[in-house]
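These are my notebook entries on one structure. I set down what I looked up, entry by entry.

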Amino acid sequence: PSPSSSEGSYDENDPDADAELPPGLTYDEIVELAKPKWKGEVGWPMMTMVMISEVLGAGLLGLPVAFTHLGWVPAILSVIFVFLLSTLTGLQIFSLKRILPSVKSFPSLFKTLLGRRWFGYGAGCVYLLLYLYCVADFVVMVESLQEVF
């Protein structure tokens, strides 16, 4: 049975066109249930996991090369320094989020604290950082593949 025009659109080339609708559900209700629930927003826990996996993914692959070039003591000291610096930065971001709960991104933080014209600068910094993450991934991937072959 094909749904009427009031129940939604109908495609004659659809291989499932003659499939029966579940009892008690209209065509529009099924379409609504099939729509994804995700609205394009990622919460901070998910974004934190993405950033951790991004940094650790490239970092763990590049660590042996860094240790080879630097040596054990300077490399371990560098890892400890970066850990402390990252922890301090995370704590500062956490405290800023508690003070300014309406701020959702670094560009909006720049806009709130420094004014509207700094929004573009903050966005540029964020996009440059994301670009450099991609470049670092490619560099690490190429170096890893060169080591394998």
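Entry 1, the end of α4. I looked at what comes after helix α4 and found G115, whose phi is positive, near 115 degrees. I note here that the model is predicted, and I read this angle accordingly.

Entry 2, burial in α4. I then asked which residues of α4 are buried. They are P107, S108 and L109. I also looked up what covers the buried residues of α4, and the cover includes α3 and α5.

Entry 3, S108. I located S108 in helix α4, which spans residues 106–114. Is S108 buried or exposed? I recorded a relative accessible area of 18% for S108; because this is under the 20% cut-off, S108 counts as buried. Not counting residues up to four places away in sequence, I found that S108 touches V103 and F119.

Entry 4, α5. I checked the extent of α5, residues 119–148. The helix has 30 residues, and from its first C-alpha to its last I read a reach of 44 Å, close to the 44 Å expected at 1.5 Å a residue. In α5 I listed G122, A123 and V140 as buried.

Entry 5, L70. I placed L70 in helix α2, which covers residues 44–70. The relative accessible area of L70 is 46%, so I entered L70 as partly exposed, a class that lies between 20% and 50%. Leaving aside neighbours within four places in sequence, I found L70 in contact with A75 and S78.

Entry 6, the largest pocket. How much space lies in the largest pocket? I noted about 2500 Å³. The lining comprises 49 residues, and I recorded M51, I93, F106, L129 and Y133 as those nearest the centre of the pocket. Which elements give two or more residues to this lining? I found α2, α3, α4 and α5. The largest share of the lining, 16 residues, comes from α2. Sorted by class, the lining has 34 nonpolar, 11 polar and four charged residues.

Entry 7, the fold as a whole. I counted five helices and zero strands in the protein. From the N terminus on, I wrote the order of the elements as α-α-α-α-α. Of the 149 residues of the protein, I noted that 9% count as buried. I also looked up the contacts with a separation of 6 or more: residues 24 or more positions apart account for 21% of them.

Entry 8, confidence. I recorded a mean pLDDT of 79 for the protein, with 82% of its residues at 70 or more. Where is confidence lowest, and where is it highest? I found the lowest value in helix α2, at a mean of 78, and the highest in helix α3 (residues 72–99), at 89. I add a general caution to this entry: where pLDDT is low, the predicted coordinates should not be read in detail. For the pocket, I keep in view that α2, the helix of lowest confidence, also gives the largest share of the lining.

How values were computed: Residues are numbered from 1 along each chain as its sequence is written. This is a predicted model: local features need pLDDT of at least 70, side-chain atom pairs count only at pLDDT 80 or more; totals for chains, interfaces and linings use all residues. Side-chain values use heavy atoms; hydrogens and water are left out. Buried means under 20% relative accessible area, exposed over 50%, partly exposed in between (1.4 Å probe, protein chains only). Contact means heavy atoms within 4.5 Å. pLDDT is the predictor's confidence in each residue, from 0 to 100. On a 1 Å grid over the protein atoms alone, a cavity is a set of points where a 1.4 Å probe fits but cannot get out, and a pocket is an open set with protein on both sides within 12 Å along at least five of seven lines; lining residues have an atom within 4 Å of a point. Grid points are joined across faces, edges and corners, and a volume is the space filled by probe spheres set on the points. Ala, Val, Leu, Ile, Met, Phe, Trp, Tyr, Cys and Pro count as nonpolar, Asp, Glu, Lys and Arg as charged, and the others, Gly among them, as polar. The expected span of a helix is 1.5 Å times one less than its number of residues.
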